[in-house]
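Work through the exercises below with the model open. Try each task before reading its solution.

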Amino acid sequence: MTVDIRVPFLDLAPPHLEIRSELLDAMTRVLDSNRFVLGQQVEIFESAWAKYCDVTHAVGIGNGLDALHLILRAIGVGPGDEVIVPANTFIATWLAVTMCGATPVSVEPNPETFNIDPGLIRDAVTSRTKAIIAVHLYGQPADLDELIAVSTELGLSLVEDAAQAHGALYKGKRIGGHGVAAAWSFYPGKNLGALGDGGAVTTNDPELAEKVRLLRNYGSPAKYEHTVQGVNSRLDELQAAVLLEKLKVLDEWNGRRASIAEAYTTALEPLVRKGEGSSGGRLLSLPAVPSWAKPVWHLYVIRVAQRDDFISYLLSQGIETSIHYPIPPASQDAYKELAHGLKSGFSVRTAGELVSLPIGPHLNQDQARLVVSACEVFFEGEDLGPRER
Ligand SMILES: Cc1ncc(COP(=O)(O)O)c(C=O)c1O
C-alpha cells in the first residue's frame, strides 16, 4: 500500500525555499571572494555564534563529532582516562571519548527529562575520571546547576554536547557557556543546519579556544610549523556563509517548533497512561519540561507501548515518525567489549518504546492537528480502519 505523506518527519526544502535567494547570494559571495577555507565568512560566523551563545569565543569545526573530540583533547583527555557520558545519546558522544583513547563510562538519564541524572554521577566516578559530557538531548537543556555542582565537587571538567539544542535556555541563559566548553553540530537537519557538515566549539576560556583553533588546523600556529599533532577539521567558508543567513531565522524557526510542541502536549496530555485503546497501544509519556528549561524542540519524543503498531498506523495516515535512538551506544556492536553489564538500565529498557513525532520549521498547525488526530484515534482505540480526516 502506498500512502501520500502528508506530514513528513523532516523536509528541508520548504524552509530553504523561504530563504533561497539569501542562501544563493551567500554562496555567490564566497565564490566571488575566491577564498574557501579559514577566511572572512568563518571569522564573521564565529563572532556571531559566540554573541548568540553569550560566550567570548567560538571556533568553527568540520562537524559536531570533531568539536567534541577536540574539546576533550584540548582539556587533556587521553588513553587511560575515563569520561562520564549519557547512556542514551547519539553514538558521537561516545565516539569522541574513544577517539581520544579514553573510556566512556555510561550514566543513565533521569526517566522524566531523558537527560543525564546528576545524582548518579558520583557512583560512576573513579580516580581516572577526567570529564563529564552532558548532552542537551532532543533540544532540552540538561540540569546544569546540579551538573556544575557535581563536577566542581569532584574536580571534573563539564563539557556540553549541544548538537541538538541551538538556542535552548537554562534559567534564562543560553546553553553553550555553562561548562568548560560546548560542542555544536550544524548537520543539515539540526535546528541550525548547514548545507553539508559543520560544527563549532564555544567557550569562555581563551586558552582552550586557542588550543582548539590549533588542533583543528593540523596543530599549526603558522604555515608549515606544527606544535601539536592536530587534525584537519575546519568549518568551510561556504558553510559559514550559509550559517550566517540561517542564524538570522533560527529564533523564528525555533518558535515554529515550540508551537507544534505546544499543540502536541496540550492535546496528548489527557491521553497519557489512560488505559489501552483497542489497538493495545498506550501513551506512556510525553516530554517533561522542568521549570528552568526553555527547550528548542529538536525532537519531540514520546514513549509508546506497542510502538511498531503506532508507527505503522501513523504511516497509514500519511504521517512519518522516527526513533531516537533504537539502539543505545552500550548495546551497539561497536562497544560490545566496553559495555559489558550495561544492558539492563533505563535507556535499554525504554529504547523499544521511543517514538519521535514530526516537528520542525517545515510543518504548520494543520499538519500538527493531523498528527494529534491520528494519536487520539490510536490511543483512544477507535476503529483503526482507513479513514479520511
Ligand atoms: C547528541 C549529538 N552529539 C554529537 C553529534 C555529532 O554531530 P555531527 O553529525 O555534526 O558530527 C550529533 C549529531 O548528530 C548529536 O546528535
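A cavity is a set of grid points where a 1.4 Å probe fits but cannot get out, and its volume is the space filled by probe spheres set on those points. The model used here is predicted.

**Exercise 1. Find how many cavities of 30 Å³ or more there are, and give the space in the largest cavity.**

Step 1. Count the cavities. The count comes to 2 cavities of 30 Å³ or more.

Step 2. Take the largest cavity. About 80 Å³ of space lies in it.

Step 3. List its lining. The largest cavity is lined by 13 residues. Closest to its centre are Asn88, Tyr325, Pro328, Ser347 and Leu354.

Step 4. Sort the lining by type. For the largest cavity it holds 8 nonpolar residues, 5 polar and no charged.

**Exercise 2. State which residues line the second largest cavity, and how they divide by type.**

Step 1. Start with the space. The second largest cavity holds about 70 Å³.

Step 2. Walk along the chain. The lining takes in Glu112, Thr113 and Phe114, then Tyr138 and Gln140. Pro287, Ala288, Leu299 and Val301 complete the lining.

Step 3. Sort again. The lining of the second largest cavity has 6 nonpolar, 2 polar and 1 charged residue. Glu112 is in this lining, and Glu counts as charged.

**Exercise 3. Describe which residues surround the ligand and what its oxygen atoms lie next to.**

Step 1. Collect the surroundings. There are 14 residues around the ligand. The closest are Gly64, Leu65, Asp161, Ser185 and Lys190.

Step 2. Check the backbone. A polar backbone atom of Gly64 is 2.8 Å from a ligand oxygen atom.

Step 3. Check the side chains. An N or O atom in the side chain of Ser185 is 2.7 Å from an oxygen atom of the ligand. For the side chain of Lys190, the corresponding distance to a ligand oxygen is 2.8 Å.

Step 4. Work out the cover. The ligand taken alone exposes 390 Å². The protein buries 90% of that area.

**Exercise 4. Decide whether Cys53 and Cys100 are buried or exposed, and how many disulfides the structure has.**

Step 1. Recall the cut-off. Buried means under 20% relative accessible area.

Step 2. Apply it to Cys53. Its relative accessibility is 1%, so Cys53 counts as buried.

Step 3. Apply it to Cys100. At 8% relative accessibility, Cys100 also counts as buried.

Step 4. Search for disulfides. The whole structure gives 0.

Methods:
Residues are numbered from 1 along each chain as its sequence is written. Side-chain values use heavy atoms; hydrogens and water are left out. A disulfide is a pair of cysteine sulfur atoms within 2.5 Å. Buried means under 20% relative accessible area, exposed over 50%, partly exposed in between (1.4 Å probe, protein chains only). On a 1 Å grid over the protein atoms alone, a cavity is a set of points where a 1.4 Å probe fits but cannot get out, and a pocket is an open set with protein on both sides within 12 Å along at least five of seven lines; lining residues have an atom within 4 Å of a point. A residue is near a molecule or strand if one of its heavy atoms lies within 4 Å of it. A polar contact is a pair of N or O atoms within 3.5 Å; within protein, one must be able to donate a hydrogen and the other to accept it, and residues adjacent in sequence count only if both atoms are side-chain atoms. Accessible areas come from the Shrake-Rupley method with a 1.4 Å probe; for residues, only the protein chains shown count as cover.
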